[in-house]
Amino acid sequence: MFKYSAVLRGHSSDVRGACIDSQGHIVTGSRDSTAIVWEMVTSDNTTPASERWRIKCQLKGHQGFVNAVAALKPTNEFPEGLILTASQDKTINVYFPSIPDPLQRLVGHEGDVTCLSTGWNGTILSGSADQTVRVWVDFKETSVLRGHTGPVWDVAIFPGRETFLSASGDKSVILWREGTKERVFNEHKAAVRKIVVLPDSSAFVTVGNDGRICQWNSSCDTATFSKVVSSSFIYSASLLSDGSGFVVTGEDGTILFLSREGDIQQSMQVPAVSVWTCAALPDSAFVAGSSDGCGRVFSPADALAAPVADVEMMEAEVAAQNRASATVGDIPMESLGGIEKLNQPGREGQDLMIKNNGVVELYKFTSGAWKKIGVVQDAYDKEKHELNGERFDHVISVDIAEDAPPLKLGVNRTDDPWVVAQKFIETHRLPQAYLEQIANFVIKNTGVGPKPESAVTYSPEETKYRYFPNYTLLKENVPDAVKLSEKLRAHNDQVNDNLKLGDMEWKQLQQIIENVGDNKGGALTASDKEVMTKLLSWPSHLVFPCLDLMRVVNRSLKDAFTLQDTLRIGKTFSDITLNEKAIRVALRLWVDITVQYTEHCAGNYTELFSPLVHLVNKSPNEKKFVVTLLSKVVHNISCTSNMTETSGSSLLDTALTLLGECELIDEKLRVEPKTHLLVAIGNVAYCHQGIRERIRDLPTTSLPNEKCRQIYNDIRSLCNLGN
């Protein structure tokens, strides 16, 4: 029987992925955008559960949730092995186990990267919400496998063979051999979430949101067995190191131990709603990651069991956790039995609700007895809804075009409608002008969102400001380096001979672009910088791809340009005589500068950035882009504690000027810059009490949406200006 052994506390949000590396470290990935490498401190059974493992390194660098983690085995080049992380930001990062910054970044997916697998010769397999599977060898994409019609939730590699498996939200599993779809397995009634390849065989196991476990042979499209083992979603499964059975985790906070035949042997409960992931450890132990931000280790060894006090504490947390009705269903009170039901034996893992003195209690049969899990708060709430393998409080249909079917959008009660709308726009590549319309549609059809302005009341001592202080830096996307190469070649033919790149210089530039495109890392040599400098001397109507290349290089190659180099180039190409398109790209460079050198920019705001606001009047055809980009600059600089009150006052001047300029652009396009500027004003006012009196100058008209009105009212409340 498995026993609670240790708890890993270090993440600030759900643990979505877990694995073990070649050194015996546990690796966990989280919705807090980081992964953590854990090392064991002691196995002494008198040590508290929370002190048995410690953080060795926290891996950073993603701009979205970390959905999955994996480990590459050691090689001569990488004797400690490598760690891989897959993220909502559409990338895969590669790390040394003891260095927090990524060694490389793999780019190719067009949606969330949801899963990873590693195999022969360092092969990496990844799956994504973009419905593709991608194969990477030597950190280069070698093939894209297309065949699913839903998000890919898991991938697996058969040992020693170029044979892959993928599981999807379309309820199917596909067998790929040498890049070709060979077989489709259909047995699951809902999204398939996890694949476990059985060692030394062609067999594998799958689990899914239908609560089912299926075993397959790769040569037959009929399941060897198919059993429902849970009434809730199953998210993950792992084969124990001794091969004796499977660990299965899912939505109801339960961990199941199954035999190799899929029969329940034991059930364990943790104080969390969702147990997203599990991974086998040596000596038949395992780790499970859950929605409370914790990883928990369980072991069959008595010597590794947690102290009695820790076990009792976890059991108390489980008992205290109110069980949401979404896992119970719409069951009338009168149909439930009483406490006498507990005298009847159950099957391992079975749930039972009883009515006890007018209260509905939930029990689970485990280790031969009924154990109380908690109290059911409301047996009549509606169940959550499934969309692409995820559960939401609301799933709504959004009509985008008359000649196209509506798109589904999942929303939870705690979501920000504008964040949901922005992600929806990015996922479906919709025009940014739809933001306001979609956000209001979400509010109207779900009730999610801030209260109407008329219903908001404020007490300056008690108010919690929803949108500031906000220290999230805003970034600009960079173009594809290979496509830039094509533009540069065309422009190179148009410049004067003294500015044209020669054959050797062009070859050198191509090597720079290849290093950037393949994420090889490295640094620019002195001769590389000379070539780049030559490009930046091109005429203004031809220089914009050169500026974009600098942005790509600066972001991809560490220390490619010094701060002084970057600032000098930024100043040069913000000159008001430049071509308007070049000004737009130059401002994107300034956004990059504020991300990379935030503290320096804040300390020198007046000198560096005040002149930029004049570009608005010199670029009438680009006004909407210039205003939006400048609003990001202002926002980013406000995201630091290094700003003096003098710089803060100058930034406020810029923000107020830009708010006025917003009135001169299309109504639908002014939402984004106004939001950034209001948050920046809130940041500055929050940090510098002496500036708050100046907020009386804040325009009171044309607040384009509910979010802007909420920020505006929060600012006035902070400054004690009334409503």
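**Exercise 1. Salt bridges across loops**

Find out how many salt bridges the structure holds, then work out what the pair Asp14 and Arg31 ties together.

*Solution.* Start with the total: this predicted model holds 16 salt bridges. Now zoom in on Asp14, which forms one of them with Arg31; their closest N and O atoms are 3.8 Å apart. That passes, because the cut-off is 4 Å between a side-chain nitrogen of Lys or Arg and a carboxyl oxygen of Asp or Glu.

Next, place the two residues. Asp14 lies in the loop between strand S1 (3-9) and strand S2 (15-20), while Arg31 lies in the loop between strand S3 (26-30) and strand S4 (35-40), so the bridge ties together parts that are 17 residues apart in sequence.

Last, check the surroundings. Asp14 has a relative accessible area of 11% and is buried. Arg31, at 25%, is partly exposed.

**Exercise 2. A buried pair and a network**

Decide whether Asp130 and Arg134 are buried or exposed, then find which residues join Glu476 and Lys632 in one network.

*Solution.* Take Asp130 and Arg134 to begin with: their side chains meet in a salt bridge at 3.6 Å, N to O. Both Asp130 and Arg134 are buried.

Now move to Lys632 and Glu476. Here the closest N and O atoms of the salt bridge are 2.3 Å apart. Lys632 sits in helix H13 (residues 623-637), and Glu476 in the loop between helix H3 (435-446) and helix H4 (481-492); the pair links distant parts of the chain, 156 residues apart.

How covered are they? Lys632 is buried, with a relative accessible area of 10%, and Glu476 is buried with a relative accessible area of 10%. To finish, follow the shared partners: salt bridges join Glu476, Arg588, Lys632 and Glu672 into one network.

**Exercise 3. Reading a sheet**

Work out which strands stand at the edges of the sheet S22-S23-S24-S25, and why one side of each lacks a neighbour.

*Solution.* First, get the layout: this is an open sheet of four strands in the order S22-S23-S24-S25, with antiparallel pairing. Strand S22 (234-239) and strand S25 (264-269) are at the edges; each has a single partner strand, so one side of each has no neighbour in the sheet. On average, neighbouring strands here are turned by 20° against each other, direction ignored.

Then look at one pairing up close. S22 and strand S23 (residues 245-250) run antiparallel and are joined by five bridges. If you'd like a residue to click on, try Ser238, whose bridge partner in S23 is Val247.

**Exercise 4. The two faces of a helix**

Sort out which residues of helix H6 are buried, and which exposed ones lie on the face turned away from them.

*Solution.* List the buried residues of H6 (residues 526-535): Asp528, Val531, Met532, Lys534 and Leu535. Now look down the axis of H6. These buried residues fall within an arc of 160°, so they line one face of the helix. Turn to the face away from that buried side, and you'll meet the exposed residues Ala526 and Glu530.

**Exercise 5. The whole chain**

Work out what share of the residues in the protein chain is buried, and how much area the chain exposes.

*Solution.* Begin with the secondary structure: the protein chain has 16 helices and 35 strands. Of its 723 residues, 55% are buried. Finally, the chain exposes about 31500 Å², with carbon and sulfur atoms supplying 48% of that.

Note on methods:
Residues numbered from 1 in each chain as written. Predicted model: local features only at pLDDT ≥ 70, side-chain atom pairs only at ≥ 80, totals over all residues. Heavy atoms only, no water. Buried < 20%, exposed > 50% of the residue type's maximum accessible area, 1.4 Å probe, protein only. Pairing = 2+ DSSP bridges. Axes fitted to C-alpha atoms, helices over the stretch in contact; angles between N-to-C directions. Areas by Shrake-Rupley, 256 points an atom, 1.4 Å probe, with all protein chains shown as cover. Arc of directions from axis to C-beta.
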